[in-house]
Amino acid sequence: MDLLGNLWLVIVVGVVIAAALISGLVTLLRGRGGERRDLKPPPPSGRGPGTGGVLAPPAPGEPPTLIETPRAPAPDLLLERPEQARGRLHRLRERLARSNSTLGQGLLGLLSRGHLDEETWDDVEDTLLASDLGVEASQELVAALRRQVAVQGVRDEATVRGWLREDLIRLVDPSMDRRLVSTRQGDRAAVILVVGVNGTGKTTTIGKIARVLVAEDRRVLLGAADTFRAAAADQLQTWGQRVGVRTVRSDRDGADPAAVAFEAVKEANAEEADVVLIDTAGRLHNKANLMAELTKVKRVVEKQSPIDEVLLVLDATTGQNGLVQAEVFSAAVDVTGIVLTKLDGTAKGGIVVGVQRKLGVPVKLVGLGEGPDDLAPFDPEAFVDAILG
């Protein structure tokens, strides 16, 4: 009996061991089969650069599978067609007339009085000084008006307006050459260097100048030589992209601005562009080291090409302080023209006369608003007519 019991025990143990072996073998075979399935090539997915994935519904009994699908392509950037500069003048003239009506109406009111005594003439001079015309120009204009009143003996508003218009136009000086060098100079691109203090809207102004030139069918290249303000190159590039203009820039902040400017001119010539506009970092006019750096940028560029224009961007609302800035920049880089921004708002129109007299160079462009096309060539007669209302 004991022998029989032992025999049954051996049989049971053998069956259990055999079952365990069979189960392990099946599991091993399944595992190998799973590995073989994983090695099969996946179905075509259209995967490529810039793709993403979505989860597809799994088949019964199968784990979820990641099916790659390409992202929708970004829409093509629609290029803007800027407004022709000639079409802007009427709109800008109206805006300037609204902002400077106090000067014109104040002068006409004073000069049309029945009796022009010394006190009235002092008021006339004070009004001109308040408009940022400058002491010398204000005294010159008052002297001319006093002579006309004494000789003619007429004080009606129409006559006085005519005298005032004539004298103001003379002070603004229509004889100055306000053309912008923006076409190829022989076998090279024209080079325009743009400078100014911080906060004048220099980079924005360059973008607007590019729009003016594109509207005149110029082939334009931009150079982002403001390498110290982190967003400057991005800002300039955005302006250029809107009108299909390429920007030459460094791939790192703090790069040598002279090297970037040099490369921009080099590429402009290689591409046979009409003009290259070079942005520079805004700098305080009273910092000698920064002004010396600006001089270096100019000197390095001139190793491969003459600089045809150095445009100084001035904020018209700074008044007499802007004249001091202009003088220092002109001494450093030989300014050839002025761009007056923010001439609407609180700006006084007399700064046009003041800055031209200070530097002996013309105001070439004026900005009168925040819109992308609120920049236009300066027209002396339209400017004076706008001031007089």
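Student: What makes the 20 Å reach of helix H10 (residues 288-301) close to what is expected?

Tutor: Helix H10 has 14 residues, and 20 Å separates its first C-alpha from its last. The expected span is 1.5 Å times one less than the number of residues, and for H10 that also comes to 20 Å. This is a predicted model, so each value here is computed from predicted atoms.

Student: Which residues of H10 are buried?

Tutor: Met 291, Leu 294, Val 297, Lys 298, Val 300 and Val 301 are buried in H10. Their cover includes strands S3 (190-195), S6 (275-280) and S7 (309-315), together with helices H9 (257-270) and H11 (320-333).

Student: What makes helix H12 (residues 351-359) count as enclosed or open?

Tutor: Seven of the nine residues of H12 are buried, so the helix is largely enclosed by the rest of the structure. The buried ones are Ile 351, Val 352, Val 353, Gly 354, Val 355, Gln 356 and Leu 359. After H12 comes Gly 360, with a positive phi near 75°.

Student: Why is Gly 104 called buried or exposed?

Tutor: Buried means under 20% relative accessible area. Gly 104 has 0%, so Gly 104 is buried. Gly 104 belongs to helix H3 (residues 101-111). Apart from neighbours within four places in sequence, Gly 104 is in contact with Ile 387 and Leu 388. Its C-alpha is separated by 9.5 Å from that of Thr 127, 23 residues apart along the chain.

Student: Why is the pair of Phe 378 and Phe 383 called stacked, edge-to-face or tilted?

Tutor: The search of the whole structure finds one aromatic pair. Its rings, those of Phe 378 and Phe 383, lie 5.1 Å centre to centre, with 55° between the planes. Centres within 6.5 Å make a pair, and planes neither under 30 degrees nor over 60 apart count as tilted. The pair is therefore tilted.

Student: How do you know whether Phe 378 and Phe 383 are buried or exposed?

Tutor: Phe 378 has 6% relative accessibility and so counts as buried. Phe 383, at 4%, counts as buried too.

Student: What makes Arg 242 lie over the face of Trp 239?

Tutor: Arg 242 is 5.1 Å from the ring centre of Trp 239. The distance part of the rule asks for CZ of Arg within 6 Å, and the angle part for a place within 35 degrees of the ring normal. Arg 242 is listed as lying over the face.

Student: Why is Asp 217 called exposed or buried, and what about Glu 272?

Tutor: Exposed means over 50% relative accessible area, and partly exposed covers the range between 20% and 50%. Asp 217 has 57%, so Asp 217 is exposed. Glu 272 has 47%, so Glu 272 is partly exposed. Asp 217 is in the loop between helix H7 (202-215) and strand S4 (220-225), while Glu 272 is in the loop between H9 and S6. Neither is a glycine, yet phi is positive, near 65° for Asp 217 and about 55° for Glu 272.

Student: Which residues touch the most other members of the largest nonpolar core?

Tutor: Leu 164, Ile 278, Leu 312, Val 335, Ile 338 and Leu 340 do, in a core of 70 residues. Helix H6 (residues 157-172) gives the largest share of this core, seven residues.

Key:
Residues numbered from 1 in each chain as written. Predicted model: local features only at pLDDT ≥ 70, side-chain atom pairs only at ≥ 80, totals over all residues. Heavy atoms only, no water. Phe/Tyr/Trp six-rings, centres within 6.5 Å; stacked < 30°, edge-to-face > 60°. Buried < 20%, exposed > 50% of the residue type's maximum accessible area, 1.4 Å probe, protein only. Core = buried A, V, L, I, M, F, W, Y, C linked by side-chain atoms within 4.5 Å. Helix = DSSP H or I, 4+ residues; strand = E, 2+ residues; numbered from the N terminus. Contact = heavy atoms within 4.5 Å.
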